[in-house]
Protein chains: 2
Amino acid sequence: MNMPDLSQGENAAAVNSLRSAILRLTRRLRHQRVDESLSPTEMSVLGTLFRCGPLGPGELARKEHVQPPSMTRIVAMLETKGLVRLEPHPEDRRQKVVSQTEQAEAMLEESRRKRNAWLAELAGGLSEEEWDTLRAAAPVLEKLAHLPMPEAAQR
Amino acid sequence: MNMPDLSQGENAAAVNSLRSAILRLTRRLRHQRVDESLSPTEMSVLGTLFRCGPLGPGELARKEHVQPPSMTRIVAMLETKGLVRLEPHPEDRRQKVVSQTEQAEAMLEESRRKRNAWLAELAGGLSEEEWDTLRAAAPVLEKLAHLPMPEAAQR
DNA sequence: TATTGTTATACTCTATAACTATA
DNA sequence: TATAGTTATAGAGTATAACAATA
């Protein structure tokens, strides 16, 4: 196992700070999201479908770290809003396939436009160096979000 | 206003990725927190009191990006658990002052110990360079969480 | 009249348990 | 028996609206 010789104390402080920042950012995102009609997780699911293509509800649930019944609800809501299609799996009749609609693509495009406007405003508050740092951190945070967590976390 | 000449497209992609990573991490934190008896926000409030010293419920609510009634509930819960003291303000009888108890300090210490064990396990999944990136990003994310957000976000 | 905090209430998101249908 | 998904239900966390006390 790759186990670098790192300073535990500094990492603990970093994770501490990361954790509270992440919590507060989540609360801000809930209120200041660019699209009022979609919850953050619904947006996240659309993003996943955009990146990965059609997926089953179960696999979506695993990717989003949500339980299957929650994903059932989320997908149903997205279907009601016309952003997602729910079709039977061609080979296994137990499974279903969730895919984006054209409307979802248009919505993602519009949302992207709004996010750019939001960013243009926000950019005034961060220096270019700070933005560099965030750009570098984004993929690491994504990796962290997907990393299999050791059982030790429960001890 | 400090407005660096930055590449909008790259920042939009970074924020997009940050957002979904933050959402997923929040869900994981909810389940894999080191202290089972405290919600993430309760932990965050204790951390803020530790860093800033005694504060009023209103100021705590602003710092945590929560509405005042929510903070009333959180503080009441922490008081029930013996982690916080709620006293009248010496000068203004409308205000109250929330402060840590000795028990809270002991709990934070124990929680820090557990977090170190969790980190020792987690370290196997990230390279030293990735940890460097996270350490650098932590203060920027904290800043982002506290940045006054422009009205443009609602448009 | 403005400010600090609280009470009462409702909503959103997510989870667990039990169930159906298919493999 | 095992797997994919759903239904029914409950819980945690937060918000808004209305209110009380003090400035």
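Which residues come nearest to DNA strand C? They are A:Ser39, A:Thr41, A:Gln67, A:Ser70 and B:Thr72, out of 22 residues around the strand. Keep in mind that this is a predicted model. Notice the chain letters too: the list draws on chain A and on chain B. To follow it, begin with how the protein chains meet.

Chain A and chain B bury about 8,000 Å² between them. Of that area, 65% lies on carbon and sulfur atoms. Three arginines of chain A stand out here: A:Arg19, A:Arg24 and A:Arg28. Together they supply 9% of the area that chain A buries against chain B, more than any other three residues. The contact takes 77 residues from chain A and 77 residues from chain B.

Now look for charge. Across the interface of chain A and chain B there are 8 salt bridges. One pairs A:Arg24 with B:Glu142, with the closest N and O atoms 3.6 Å apart. A salt bridge is counted when a side-chain nitrogen of Lys or Arg lies within 4 Å of a carboxyl oxygen of Asp or Glu, so this pair qualifies. Polar contacts join the chains as well, with 19 residue pairs between chain A and chain B.

Which elements of chain A give two or more residues to the side that touches chain B? They are helix H1 (8–32), helix H2 (40–52), helix H3 (57–64), helix H5 (102–122) and helix H6 (128–146). H1(A) gives the most, with 22 residues. By class, this side of chain A has 38 nonpolar, 20 polar and 19 charged residues.

How are the two chains related? A rotation of 179° with 0.0 Å of shift along its axis superposes chain A on chain B, with an RMSD of 0.1 Å. That is the relation of a two-fold axis. The same surface serves both copies, and 100% of the contact residues of chain A recur in chain B.

Return to DNA strand C. Of its atoms within 4 Å of the protein, 75% belong to sugar or phosphate, and the rest belong to bases. Several contacts show this phosphate side. A polar side-chain atom of A:Thr41 lies 2.8 Å from a phosphate oxygen of the strand. A:Gln67 uses its backbone instead: an N or O atom there lies 2.8 Å from a phosphate oxygen of DNA strand C. From the other chain, the side chain of B:Lys96 has an N or O atom 3.2 Å from a phosphate oxygen of this strand.

Helices supply part of this surface. H4 of chain A gives at least two residues, and so does each of H1, H3 and H4 of chain B. H4(A) gives the most, with 4 residues. The surface near DNA strand C has 6 nonpolar, 8 polar and 8 charged residues.

Next, turn to DNA strand D. It is surrounded by 23 residues, and the closest are A:Pro57, A:Thr72, B:Ser39, B:Thr41 and B:Gln67. Sugar and phosphate make up 72% of the DNA strand D atoms that come within 4 Å of the protein.

Here the side chain of B:Thr41 places an N or O atom 2.8 Å from a phosphate oxygen of DNA strand D. B:Gln67 again uses a backbone N or O atom, 2.8 Å from a phosphate oxygen of that strand. The side chain of A:Lys96 has an N or O atom 3.3 Å from a phosphate oxygen of DNA strand D. Near this strand, H4(B) gives the most to the surface, with 4 residues.

Key. Residues are numbered from 1 along each chain as its sequence is written. Chains are lettered from A and ligands numbered from 1 in the order in which they are written. This is a predicted model: local features need pLDDT of at least 70, side-chain atom pairs count only at pLDDT 80 or more; totals for chains, interfaces and linings use all residues. Side-chain values use heavy atoms; hydrogens and water are left out. Contact means heavy atoms within 4.5 Å. Buried area is the accessible area (1.4 Å probe) that two parts lose on being put together, summed over both. A polar contact is a pair of N or O atoms within 3.5 Å; within protein, one must be able to donate a hydrogen and the other to accept it, and residues adjacent in sequence count only if both atoms are side-chain atoms. Ala, Val, Leu, Ile, Met, Phe, Trp, Tyr, Cys and Pro count as nonpolar, Asp, Glu, Lys and Arg as charged, and the others, Gly among them, as polar. Copies are superposed by least squares on the C-alpha atoms of residues with pLDDT of at least 70 in both. A residue is near a molecule or strand if one of its heavy atoms lies within 4 Å of it.
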